[in-house]
Amino acid sequence: IYLQAVKQGDTIFIGQYLFTGSETTSVWLEVSEVKGADVVCIIKNTATLAGSLFTLHVSQIHIDLPTLTEADKNAISTWGVRNKIDFLSLSYTRHAEDVRQAREFLSKLGDLYQTQIFAKIESVEGLTHFDEILQEADGIILSRGNLGIDLPPEKVFLFQKAAVYKCNMAGKPAVVTRVVDSMTDNLRPTRAEATDVANAILDGSDAILLGAETLRGLYPVETISTVGRICYEAEKVFNQDLYFKKTVKYVGEPMTHLESIASSAVRAAIKVKASVIICFTSSGRAARLIAKYRPTMPVLSVVIPRLKTNQLRWSFSGAFEARQSLIVRGLFPMLADPRHPVSIFIFSSCKLHVIKFPFNVGAGNNRFDVLILESASCLKDSHNA
């Protein structure tokens, strides 16, 4: 397949792992010519190839292979079904049709119809069709490792910022990869890497996905701790006011009922200096929409279980929705007890409440406000609230 696809001038990467930019165990090749069954290349760097070679990457070529292979489908239909996976990372997503086919496959696997699909953008082809992929997927993983090979270095930051912005405006999680590669072998990140993590958060990323640093790195625990501290510091200086205005302007007018209620809830919470926004929801969608506006206070999503049956047995739904909300920035899900009265209470209208709770801190008396959003019929469109 590669032989048929490559041509003179193409770049080929071979190594034990995906190239990080600093290690010397990966070789870069430039195709000089193709002679029958042989591809003649010029070696562009000094490298030592040892052990099994796991990775072969050819830049900017189209390979006509299915996104989900038979091996992938077998793993999902066995291990995935058994463990009720919450997310599917769809590697090398190239078109929206890839996401649709994966969703159709999951819909036939019992509870996995609820599994969210995160499209992993790893090639120029996926980047070209980014908008249509974003519309179909539940979230986006920006695979900067492979993209860093496909794209010129000076173009990577442009893609990252544009992609994160589009995800933010669509209210879908954006996950950034490959941030502290040097911590694969070192205890501390470089200054550039630390700044890169912070900028990813300031740009609006929902999550950081670690790869080589924790898969084969020498300091996996320290890596997670370091990245977590950088994210914490970056969130403290995140310009929420600018972000809120930018998001409202992007949505425009007239707003849908969903957008209007979500943005109004955030605006009201900010004005009364609420400590937390509590949102009662059944699918988590209303809470995710509130979190889209990045309020300065945390959003507590109380997921109310729903009773369902397949004519053979009764069960409660809601666990999937609660766990899947964990990847959304600023959203803290809580699964309500189905035996509790609140879980069977039907909200007949949409209301905003600001409730004052007295509490004591140390020797002084203080108060904090909580904004509670009851989401029901007014937060419904083609999906449940």
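Of the contacts in the protein between residues at least 6 apart in sequence, 63% join residues at least 24 apart. The model behind this figure is predicted. Its secondary structure consists of 14 helices and 16 strands. Of the 385 residues in the protein, 44% are buried. The exposed area comes to about 20600 Å², and carbon and sulfur atoms supply 57% of it.

Helix 13 shows how burial is distributed along a single element. This helix covers residues 285-292, and six of its eight residues are buried, so the helix is largely enclosed by the rest of the structure. The buried positions are Ala-286, Ala-287, Leu-289, Ile-290, Ala-291 and Lys-292. Just after helix 13 comes Arg-294, which has a positive phi of about 50°.

A buried residue can also be found in a loop. Ser-123 belongs to the loop between strand 6 (116-121) and helix 4 (124-128). Its relative accessibility is 11%, and because buried means under 20%, Ser-123 falls in that class. Once neighbours within four places in sequence are set aside, Ser-123 is in contact with Arg-94, Leu-147 and Asp-150.

The next topic is the aromatic side chains. The structure holds six aromatic pairs. In one of them, Phe-238 and Tyr-243, the ring centres are 5.7 Å apart and the planes meet at 50°, so the pair is tilted. The angle leads to that label because stacked requires planes under 30 degrees apart and edge-to-face requires over 60. Both partners are buried: Phe-238 has a relative accessibility of 16%, and Tyr-243 has a relative accessible area of 4%.

Phe-238 has a further partner, a charged one. Arg-329 lies over the face of the Phe-238 ring, at 4.6 Å from its centre. Phe-238 therefore takes part in a tilted pair with Tyr-243 and also has Arg-329 over its face. A second arrangement of this kind involves Phe-320, with Arg-323 over the ring face at 5.2 Å from the centre.

On the surface, Leu-307, Trp-314 and Phe-316 make a nonpolar patch of about 390 Å². Trp-314 is in strand 13, which spans residues 314-317. Is this tryptophan, Trp-314, buried or exposed? Trp-314 has a relative accessible area of 60%, and because exposed means over 50%, Trp-314 counts as exposed. Trp-314 thus contrasts with Phe-238, which is buried at 16%.

Methods:
Residues are numbered from 1 along each chain as its sequence is written. This is a predicted model: local features need pLDDT of at least 70, side-chain atom pairs count only at pLDDT 80 or more; totals for chains, interfaces and linings use all residues. Side-chain values use heavy atoms; hydrogens and water are left out. Patches are made of residues with over 30% relative accessible area and no salt bridge: like charges are joined within 9 Å, nonpolar side chains (Val, Leu, Ile, Met, Phe, Trp, Tyr) within 5 Å. Accessible areas come from the Shrake-Rupley method with a 1.4 Å probe; for residues, only the protein chains shown count as cover. A salt bridge is a side-chain nitrogen of Lys or Arg within 4 Å of a carboxyl oxygen of Asp or Glu. Helices (H or I, at least four residues) and strands (E, at least two) are DSSP runs, numbered from the N terminus. Buried means under 20% relative accessible area, exposed over 50%, partly exposed in between (1.4 Å probe, protein chains only). Rings of Phe, Tyr and Trp (its six-membered ring) pair if their centres lie within 6.5 Å; planes under 30 degrees apart count as stacked, over 60 as edge-to-face and the rest as tilted. A charge sits over a ring if NZ of Lys or CZ of Arg is within 6 Å of the ring centre and within 35 degrees of the ring normal. Contact means heavy atoms within 4.5 Å.
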